[in-house]
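Biologist: Before we discuss this model, please put the sequence and coordinates up. I will ask and you answer, with cut-offs stated.

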Amino acid sequence: MPPGDARKPSPGDARRPDDAGARAAGEPDLPAISGLLAIAVADLGGAQRPGQVTMAQAVCRSIETGEHLAVQAGTGTGKSLAYLVPAVRHAVTQQATVVVSTATIALQRQLIDRDLPRLAAALAPVLGREPVFAILKGRRNYLCLQRLRSGAPDDPAQALFDARTVSAVGAQVQRLNEWAGVTATGDRDELVPGVSEQAWRQVSVTARECIGVQRCPFGTRCFAELARAEASRADIVVTNHALLAIDALEDFDVLPEHDIVIIDEAHELVDRVTSVASAELSAAAVEAAVRRCGKMVEEQAASRLRDAGEAAGRAFAEVPAGRMDSLAEQPAIALASVRDAAAGCAADLRAGARNTEDEPERLAARRSALTALDEVQGAADRILHAFGADIAARSEVVWMDRPAAPESSRPPTLRIAPLEVGGLLAERLFSRRTVTLTSATLSLGGSFEPLARQWGLPRAEPGEQPESLAWSGIDVGSPFDHPRSGILYLARHLPPPGRDGLPEPYLDELRELITAAGGRTLGLFSSMRAARQAAAELRERIDYPLLCQGDDPTSQLISQFAADEATCLFGTLSLWQGVDVPGRALQLVVIDRIPFPRPDDPLASARQRAVAARGGNGFMTVAAAHAALLLAQGTGRLLRTMSDRGVVAILDPRLVTARYGGFLRASLPPFWTTTDPEVVRGALRRLAG
């Protein structure tokens, strides 16, 4: 555990750091944090768990000392209350705001609809008032009344869809118009059933496209502004990792002023921040920018940009898919032309804006066009500057993304992403706020170090790191008795997985395991191809219903799976982290192979190379850490309640035979482990009976 004696100024510094929950002068006479937690748990009808108490005390100490905290808390610990109670206490006593960031809509809804209302009511008598909470998302998540009235700018992407699709989008937009008259929040997630991305784009704007509350005729009724105003009055603001990243990385404030950040589902933080910090460029994006300009720029400037976009499309068509370590002459010329032409159009637009007083509709069209032009110009310029002479010294990676299916209408797209986001997080988040990061899976190979390095919190001896980056890690365990509740079966006798689909012995093993379990199986596969192959083959070999991801919406498939004990469900990445099915409907989790990144994954391969260039082990730092995280998430699907029992079967023998197998196994829950197939099948038959 990294040293924790470095301190930075914190609103809680008036308290004694060695007494979590101690009172500062002038604060209400409150119980210690364990007492507040006990009040909350009792009011909610639950029972305190040792891990929950330990976590709450650790979060409170972090708030008081300013030392960052990583907490691994297994399913069933009650970690939401463990961080919300100290967060609420700090917010109310210090008149401060605490931001809680999540990765999924499901957890946001749990916090806003269930946990926070009940907690606020339980603690109000002790705190002297009821804590206030709010949810805040990016502007793009709220319906824009101005866009709804004026209509969206021409979108050339619509031309890629057939008439039936366009008609369906029109019907959805009409539904959105009707919904606008009854919704109180304009929050897309509250629209059930939802609408397509194409339809939502017609009624929403990004922060850069917004014309501003002062100039918008709907400014006083704006859903996004109302949400921001509500958040500014809240003690606890629930948001998502993407908005947290935008707030940290941009030069303007998105979130209300706050001093404490709690990041739940922190295992997804790096991927979400990387996504926010990425950019892309295609010929279609250039054409969209030209169309948005319309007649607001000189025809010569628009024609120059259109020609540059068409030239870029021809150049991109010749670039092979995958990571680009060098930039050929023709794409480089095309990118420079696009950059310069987009800059010319943007200059025209800005010059015109200085000479006129636009109506809201024209102002909105101008802002939309400028946003598109700036994105095109910025992406082109960024890609051009990504190719330094020293590959090892590059900070970003560029790759060509083109559809695998020849009939796909998606255009070839150049993408660029940072190799690492740890430096950004260290500078823009950890050096400015006190942060708690928590998840059921943060310790990889028995250590917090792999993820801490990705966050920008490196291990250091006392005095060798900035005090703003001092951190500690704690694993508060799990209420589950893993060795008594589950078996980890490692199929050592199987051959190593191949590249040409699932080997026949894997299919035989799957059939025998599913038959012994009487269905009740969640199959987690490393690719959609493998999931579909297994589903097609096994539907002919087993007597149980078998669902495969892609057959229907994933939420519907999970509901069907949970409703019928005999049913099996096969799928890929979203099921590794998105399934919560307690009880007898899920007693066998099968993982086909270690989920390493694909060797041709541009970002992962570039990150491995960068680590190796610095003298590190790129495979262990990047590929093995990625696989360990997914394996921990996947195996975590088995036990969701104290009464659950079952088997996790991993068919890939490398988990036992390879040198890195120990690191991966150390990342998994401590199930009782065996390599004997007869023992496992017997256990499954007893469970099924």
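Biologist: Among the contacts in the chain with a separation of 6 or more, what percentage is accounted for by residues 24 or more positions apart?

Modeller: This is a predicted model, where local features need pLDDT of at least 70, side-chain atom pairs count only at pLDDT 80 or more, and totals for chains, interfaces and linings use all residues. Residues are numbered from 1 along each chain as its sequence is written, and side-chain values use heavy atoms, with hydrogens and water left out. A contact means heavy atoms within 4.5 Å. Of the contacts with a separation of 6 or more, the share from residues 24 or more positions apart is 77%.

Biologist: What radius of gyration does the chain have?

Modeller: The radius is taken over C-alpha atoms, and the globule rule is 2.2 Å times the number of residues to the power 0.38. For 689 residues that rule puts a compact globule near 26 Å, and the chain agrees with 27 Å.

Biologist: What percentage of the 689 residues is buried?

Modeller: Buried means under 20% relative accessible area, exposed over 50%, and partly exposed in between, with a 1.4 Å probe and protein chains only. By that criterion the buried share of the chain is 52%.

Biologist: How many helices and strands are in the chain?

Modeller: Both are DSSP runs numbered from the N terminus: helices are H or I with at least four residues, strands are E with at least two. The count is 26 helices and 18 strands.

Biologist: Which strands stand at the edges of the sheet that contains β16 and β17?

Modeller: Strands pair if DSSP finds at least two bridges between them. The open sheet has 7 strands, paired in parallel, in the order β14-β15-β13-β16-β17-β12-β18. Two of these have a single partner strand each, so one side of each lacks a neighbour in the sheet: β14 (546-548) and β18 (672-674).

Biologist: What angle does the direction of helix α23 make with that of β16?

Modeller: Axes are lines fitted to C-alpha atoms, for helices over the stretch in contact, and angles run from 0 to 180 degrees between N-to-C directions. β16 (residues 588-591) is joined to the parallel strand β17 (residues 646-650) by 4 bridges, and Val 589 is opposite Val 648. Helix α23 (residues 618-635) packs on this sheet, touching β13 (521-524), β16 and β17, and its angle with β16 is about 160°.

Biologist: Is β12 largely enclosed or open, and how many of its residues are buried?

Modeller: Gly 486, Leu 488 and Leu 490 point one way and Ile 487 and Tyr 489 the other. In a regular strand the side chains alternate between the two faces of the sheet. β12 pairs with β17 over 5 bridges and with β18 over 3 bridges. The strand (residues 486-490) is largely enclosed by the rest of the structure, because its buried residues number 5 of 5.

Biologist: Within what arc do the buried residues of α19 fall?

Modeller: The buried residues of α19 are Ala 530, Ala 531, Ala 534, Ala 535 and Leu 538. Their arc, defined by the directions from the helix axis to the C-beta atoms, is narrow enough that they line one face of the helix. Their cover includes α18 (504-517), β14 and β15. The arc is 130°.

Biologist: Which strands stand at the edges of the sheet that contains β2 and β5?

Modeller: This open sheet also has parallel pairing, and its 7 strands follow the order β3-β4-β2-β5-β10-β1-β11. With a single partner strand each, the edge strands have one side without a neighbour in the sheet; they are β3 (133-135) and β11 (471-475).

Biologist: Which residue in β5 stands opposite Ser 101?

Modeller: β2 (residues 98-102) and β5 (residues 260-263) pair in the parallel sense over 4 bridges. Helix α3 (residues 79-94) lies across β2, β4 (236-240), β5 and β10 (434-439), at about 155° to β2. The residue opposite Ser 101 is Ile 263.

Biologist: What separates the C-alpha atoms of Pro 418 and Ala 277?

Modeller: Pro 418 lies in strand β9 (residues 413-418) and is buried, with a relative accessible area of 7%. Beyond four places in sequence, Pro 418 is in contact with residues including Ala 277, Leu 603 and Arg 607. Pro 418 and Ala 277 are 141 residues apart along the chain, and their C-alpha separation is 6.9 Å.
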